[in-house]
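User: Could you take a close look at one helix pair in this model for me? I would like to know how the two helices are arranged and which residues join them.

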Amino acid sequence: MKHRENVTGFAAHVALWSARHRTLAIIGWIAFVVGVTVLSGHFGTLEATESDAGHGESGRATVLVEQAGFPVRPAGEMVIVKGADRAAAVADVTRSLRGRAEVDAVAEPLTSPDGQASLVTFTMTGDPETAKDRVQPLLDTVAAVQGRHPGVYVAEAGDASGDKIIGDSLDEGLTRLSLLSIPVTLGILLVAFGAVVAALIPVGLALTAIVAAIGLLAGASRLAPTVDTTTHVMLLVGLAVGVDYCLFYIRRERDERRNGADPHRALVIAAQTSGRSVWVSGLTVIVAMAGMFFTQDATFTSFGMATILVVATAVLGSLTVLPALLSALGDRVDAIKIPGLYRRNSEGRVWRAVLRVVLAKPLISTIVAVGVLAALSAPALDLRTKGESIEDVSPKQPIVQTMVAIGEAFPAEVVPAEVVVKAATVRGPQFAAALADFRRAAAASGQLREPIEVRVNPAGTVAIVSVGLAGNGSDRTSERAVETLRETVAPGAFGKLAGSTVAVTGDTAESMDFNQRLSDSLPWVFGFVLGLAFLLLLVSFRSVVVALTGVLLNLLSVAAAYGMLVFVFQYGHFESVLDFKSGGGITNWMPLFLFIILFGLSMDYHVFVLSRIREGHDRGLPTRQAVSEGIGRTAGVITSAAMVMVAVFALFATLPLVSTKELGVGLAAAVLLDATIIRAVLLPAVMALLGDKNWWLPRWLNWLPEVAHDLPPAAVDAQPRQERELTPAA
C-alpha cells in the first residue's frame with residue numbers, strides 16, 4: 001500500500017505502517033504472543049502470600065507468625081451432632097474417625113452452651129494443602145454415622161471439606177465461565193456483523209491479547225504478586241475491551257467502504273477516527289485501573305496490574321495487527337455472510353427513533369433520564385458493607401448449612417481471635433502469669449470466651465493465644481470484642497513481658513483492618529481516577545464542559561449500579577432466582593472495585609461516542625446535528641459492544657459466591673444502563689441543551705494541544721461514489 005495522502009495522529013501512522021508491512025506486523029504479533037508465553041512459563045508467576053495481603057495490626061501479626069517458624073498446622077475438621085439423644089452418635093463419630101488413616105488426632109467432644117449440640121474436632125494427616133483431595137472418605141464416614149443415627153443431625157465441615165466442596169465448586173464455575181464467555185461473545189458478534197470472518201477477528205485478537213497479557217504478568221508479578229482469581233479478571237476485562245476496540249475499528253472501516261471509499265482511504269479514516277478513540281479510551285481505562293494501586297492491597301494491586309496489562313495489550317493489537325489484517329483481507333473481511341443477519345446498513349433504527357424524540361424534547365428527556373437514574377441510585381444511600389463469610393456461598397450447599405449450625409452452637413470455635421505475642425521468652429512463670437491475667441480479663445470483659453488455647457513456636461519466642469469472640473464473627477458485637485481485646489485485654493496482660501510485641505489477628509480483625517485500609521484509600525482512589533479522567537477528556541476534546549459532563553455521567557451509572565446492588569443483595573430481592581441468601585450488606589471490597597472497573601469501561605463508550613460527535617462538529621455541523629449523526633452512527637456498534645459485555649458479565653452471576661454474583665449483576669446492569677439511558681438519552685439531551693457551550697474552553701487553556709477529529713482529506717484523484725455493498729476482493 002502506498003502512502004498517497006498526509007495523515008495526522010499516532011493511530012493513523014501506526015495503521016499505515018502496519019498496512020504497508022502487514023506480513024511483518026502479523027508475524028510480529030504472533031511472535032510476541034508466543035514469546036511472552038514461553039518466557040512466562042520459564043520464569044513463573046509469583047503469588048501473593050498471607051503477609052502480602054495483610055493490613056494494619058492483623059498484617060503485622062501475620063508477619064510475626066510467618067517469621068516465627070511455626071510448624072505447618074494440619075487441616076482441621078469439625079463434626080456437629082445435634083439432638084436430645086445424641087450420646088450414641090457422638091461416640092460413634094469419635095470411634096469411626098479414630099479408625100481412619102487420614103485422621104491424625106481426635107479431640108474430646110465439646111458441649112454447646114445451651115446443651116443442645118456436641119462438637120467433635122479432629123486434624124488430618126499429611127500436607128494441609130492437599131487435604132481436600134483426601135477428605136472424601138471422612139465425609140463418607142460421617143455420612144454413614146448419620147445413616148446409623150437418623151434421629152439426630154450429624155454433619156462435617158472444616159478446612160479440607162470447605163476447600164473441596166466450595167473451592168471445587170468455584171473452580172468449576174470459573175472454568176465454565178471461561179469456556180462459555182468465548183462462544184457467547186462469538187455468537188453476539190455473528191449477529192452484529194452477519195459475517196463469520198468479521199466476527200472471528202475481534203474474538204481472535206482479544207484472546208491472543210489476553211494470552212500475551214497473562215505472559216507479561218509473570219514479569220509484573222515481581223512488582224505486584226498475583227492472587228488466584230487474577231487470570232479470570234483478565235479474561236473478563238480483556239474480552240470486554242479487546243472485542244470493543246476491534247468492533248469500533250472494523251465497523252468504521254466497513255462503513256467507509258460501503259460509502260464508496262477505496263481500501264486505503266477507508267483504513268486511514270478508521271485509523272484516524274476509531275483508532276484514535278481506541279488509544280484514548282485505552283489510556284483512560286488504564287488510568288482508572290491504576291487507581292487500584294492506591295489501596296495498597298494485594299488483591300487490588302494484582303487486579304490493577306493485570307487489567308492494565310490486558311488493556312494495554314488489547315490496544316497494541318488493535319492499533320498494529322488489526323490494520324494489517326484488514327489490509328490483507330480487504331473486502332473479504334465480510335466473507336461467509338450469514339443469511340438473514342448480514343445487513344448493508346448497520347445503523348440502529350430503534351435508537352435513531354429514540355434520538356429524534358430526545359433531541360426534540362431535550363429538557364424533558366434529561367429530567368426523565370435523571371429521574372430514572374436517581375430512583376435506581378436511591379438505595380445506595382443505605383449501602384452497608386460486610387466481610388465475606390461462609391454464608392456468602394449458596395445456602396443450598398450442605399457444608400454451608402453445617403458451618404452455620406456450628407457457628408450458632410459454637411461461635412468461639414468458628415471465629416476465634418488470635419493474639420500474637422513476641423517476647424524474649426513465652427515460656428516460664430512470667431508468661432504463665434501473663435496468661436492467667438489474660439484469662440481473668442477476658443472473662444471479666446463479657447465479650448471474650450473460652451476456649452483459650454496457646455501455641456508456641458519451637459524457639460519459644462512467639463505465642464499464639466486463641467480466644468473466642470462474642471457475636472457471629474462478622475457483626476458489630478464481634479468487632480467490639482476485637483476492639484476490647486486490642487485496646488485493653490491483650491496489651492494489659494502481655495504488654496508487661498520484657499521486650500514484648502502484641503498484635504491481634506483472626507478473621508474478624510483482618511476484616512476490620514481491611515475495611516479501614518479501604519476507607520483510608522477511598523479519597524485517593526476517587527481523586528486520582530476522577531481527576532486524571534477529567535484531564536484526559538479535557539486534552540482529547542479541548543472542552544471543560546465535555547470533560548466535566550463525561551465524569552458526571554459516568555458517576556451516575558456507577559451510582560445506579562450501587563443502588564441496584566443494594567436493592568438485590570442487601571435487601572434480599574431475587575434470592576431464589578440468583579441462589580443466594582442476603583447478609584444484610586454488600587461485600588466490603590465490591591463498591592471500590594466496581595467504581596474503578598465501571599468508570600474505566602464507561603469511558604470506553606464515552607470516548608468513542610464523543611469522538612464521533614466532535615468529528616461532526618469539526619466539519620462545521622450544528623451541535624444538535626453533530627449529536628444526531630454521531631450517536632446515530634455509533635448506536636449499532638455501541639449496542640453490539642454492550643451486549644458482549646452484559647453477556648460476559650452476567651455469567652459471573654452463575655458462580656456460587658455472593659461476591660461474584662454481585663460483581664456480575666453490578667457490571668452487567670451498569671453497562672446496560674450506560675449503553676441505553678446514559679449514551680442514548682441523557683448524553684444527547686444534555687449536549688442538545690448546552691449547544692455550543694459544549695465546546696467551551698477558557699482562554700488560559702488555549703495552550704492545550706490541538707487534536708484533530710475531522711476526517712483526513714481524500715486523495716486528489718478520488719471520485720465520490722454511491723454507497724455500495726461490499727464484494728470479495730480479488
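Analyst: Happy to help; here is the helix pair, followed by a few local features elsewhere.

This is a predicted model, in which local features need pLDDT of at least 70, side-chain atom pairs count only at pLDDT 80 or more, and totals for chains, interfaces and linings use all residues. Residues are numbered from 1 along each chain as its sequence is written, and side-chain values use heavy atoms, leaving out hydrogens and water.

The pair consists of α9 (residues 230–258) and α23 (residues 623–650), whose axes are 10 Å apart and meet at an angle of about 165°. Here helices are DSSP runs of H or I with at least four residues, strands are E runs of at least two, and both are numbered from the N terminus. Axes are lines fitted to C-alpha atoms, for helices over the stretch in contact, with angles from 0 to 180 degrees between N-to-C directions. Because of that angle, α9 is roughly antiparallel to α23, a term for angles over 145 degrees. On the α9 side, the contact is made by L236, L239, A240, V243, D244, L247, F248 and R251. From α23 come G636, V637, I638, S640, A641, V644, M645, V648 and F649; contact means heavy atoms within 4.5 Å.

Two backbone details are also worth a look. The peptide bond from E450 to P451 is cis, with omega near 0°, and P451 sits in strand β8 (residues 448–456). I336, a residue other than glycine, has a positive phi near 60°; I336 belongs to the loop between α12 (321–329) and α13 (349–360).

Note on methods: Parallel < 35°, antiparallel > 145°, perpendicular 65-115°, else oblique.
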